[in-house]
Every structure is written in structure tokens, then in C-alpha cells.
Amino acid sequence: QVQLVESGGGLVQPGGSLRLSCAASGSIASGYVMGWYRQAPGKQRELVATITSGGSTNSVDSVKGRFTISRDNAKNTVHLQMNSLKPEDTAVYYCRAGTVKSSFYYWRYWGQGTQVTVSS
């Protein structure tokens with residue numbers, strides 16, 4: 001069983017930065033792919049970025065060049081560094097852990113989310 005707890009959200013001005021963290025209670029080094037989702041009010045949940053246990057990353061086009069996902073398997077943590085934030089990045093951000101097969105993600109665990117608000 002793995003429990004995920006997100007932190008690092010808050011209010012930031014456009015162009016600012018935030019670093020989200022996801023702390024896992026159990027080991028995430030055993031092959032889990034980790035991902036960050038976000039859900040804005042009135043919109044569907046969107047997969048923002050993923051990282052495999054080996055460190056391969058992927059991200060949605062709207063955040064490429066601005067957001068960086070990373071993981072520390074020894075510390076059971078995953079981070080999402082968000083730079084050059086835009087108002088459209090405002091959402092609740094969720095951390096998930098699961099597996100991937102044939103490009104499909106099978107999410108098994110997820111956290112409660114952390115609010116990110118980008119506004120002047």
C-alpha cells in the first residue's frame with residue numbers, strides 16, 4: 001500500500017515559480033511510474049507529466065519547457081518544478097503512482113491534491 005501526500009501549492013503571480021512535492025509513504029522505487037495530474041474548475045482532469053522508475057519523462061505540450069518532473073527513489077519523493085507560470089495553470093494538482101503498459105497508464109494510488117493559483 002502506498003499513500004501519496006502533495007505539498008507546495010499556493011498563490012503565485014504570473015511568471016512566477018512553484019515546486020510541488022509528492023511524498024510516498026511506501027517505496028516507489030519498485031517500478032512505479034509517477035505522474036502529476038491537474039484539474040481546473042469546470043474542466044476535465046489533465047495528465048501534466050510522468051516519470052518512470054528509470055527516469056524517463058513525458059509532459060503535455062502546454063507545459064513543455066516550463067515544468068520539470070523529477071523523482072528521488074531513495075527518498076520516495078516526486079517533484080514538479082513549475083516555472084513561468086500562467087493563469088491557465090491554475091488548478092488542483094494531484095500526484096499518482098501506477099504502472100504503464102503499451103503506452104497506457106494504470107494508476108493505482110493518488111493523493112488528495114494541492115491547489116495552485118496563478119493570479120496577479
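**View 1. Ser102, an exposed loop residue with positive phi.** Ser102 counts as exposed, with 62% relative accessibility. The model shown here and in the other views is predicted. Ser102 sits in the loop between E9 and strand E10 (104-110). Its phi is positive, about 55 degrees, although Ser102 is not a glycine.

**View 2. Asn76, a buried loop residue with positive phi.** Asn76 belongs to the loop between E7 and E8. Phi of Asn76 is near 55 degrees, again a positive value in a residue other than glycine. Asn76 counts as buried, because its relative accessibility of 17% falls under the 20% cut-off.

**View 3. The four-stranded open sheet.** Four strands form an open sheet in the order E1-E3-E8-E7. Their pairing is antiparallel. E1 and E7 are the edge strands, and each pairs on one side only. On average, neighbouring strands of this sheet are turned by 15 degrees against each other, direction ignored. E1 and E3 run antiparallel and are joined by four bridges. Within this pair, Ser7 has Ser21 in E3 as its bridge partner. E7 and E8 also run antiparallel, with six bridges between them. Here Thr68 has Gln81 in E8 as its bridge partner.

**View 4. Alternating side chains along strand E1.** Strand E1 covers residues 4-7, and its side chains alternate. Leu4 and Glu6 point to one face and are buried. Val5 and Ser7 point to the other face and are not buried. In a regular strand, side chains alternate between the two faces of the sheet.

**View 5. The disulfide between Cys22 and Cys95.** The structure holds one disulfide. It joins Cys22 to Cys95, with an S to S distance of 2.1 Å. The torsion about this S-S bond is about -80 degrees, so the disulfide is left-handed. Cys22 lies in strand E3 and Cys95 in strand E9, so the pair ties together parts that are 73 residues apart in sequence. Both Cys22 and Cys95 are buried.

**View 6. The largest nonpolar core.** This core has 29 residues. Leu4, Met34, Trp36, Leu80, Met82 and Tyr93 touch the most other members. Seven strands each give two or more residues to the core: E3 (18-24), E4 (33-39), E5 (46-51), E7 (67-72), E8 (77-82), E9 (91-101) and E11 (114-118). A second, separate core holds five residues, including Val33, Tyr37, Tyr94 and Trp107. In soluble globular proteins, nonpolar side chains tend to be buried together.

**View 7. The surroundings of Leu80.** Leu80 is one of the core residues that touch the most other members. Neighbours within four places in sequence are left aside here. Leu80 is then in contact with Leu18, Arg19 and Leu20. Its other contacts are Trp36, Val48, Ala49, Phe67, Thr68, Ile69 and Tyr93. Among these, Trp36 and Tyr93 are also listed with Leu80 as touching the most other core members.

**View 8. His79, a buried residue with polar contacts.** His79 lies in strand E8. It is buried because its relative accessible area, 13%, is under 20%. Its side chain makes a polar contact of 2.9 Å with the side chain of Ser21. Another polar contact, of 3.5 Å, joins the side chains of His79 and Arg19. Leaving aside neighbours within four places in sequence, His79 is in contact with Arg19, Leu20, Ser21, Trp36, Thr68, Ile69 and Ser70. Ser21 is also the bridge partner of Ser7.

**View 9. Tyr32, a buried residue between E3 and E4.** Tyr32 is found in the loop between E3 and E4. It is buried, with a relative accessible area of 12%. Neighbours within four places in sequence are again left aside. Contacts of Tyr32 include Val2, Ser27, Ile51, Thr52 and Ser53. Arg71, Gly98, Arg108 and Tyr109 are also in contact with Tyr32. The C-alpha atoms of Tyr32 and Val100 are separated by 8.3 Å. Along the chain, these two residues are 68 residues apart.

How values were computed: Residues numbered from 1 in each chain as written. Predicted model: local features only at pLDDT ≥ 70, side-chain atom pairs only at ≥ 80, totals over all residues. Heavy atoms only, no water. Core = buried A, V, L, I, M, F, W, Y, C linked by side-chain atoms within 4.5 Å. Buried < 20%, exposed > 50% of the residue type's maximum accessible area, 1.4 Å probe, protein only. Contact = heavy atoms within 4.5 Å. Pairing = 2+ DSSP bridges. Polar contact = N/O pair within 3.5 Å; in protein donor to acceptor, adjacent residues only side chain to side chain. Disulfide = S-S within 2.5 Å. Axes fitted to C-alpha atoms, helices over the stretch in contact; angles between N-to-C directions.
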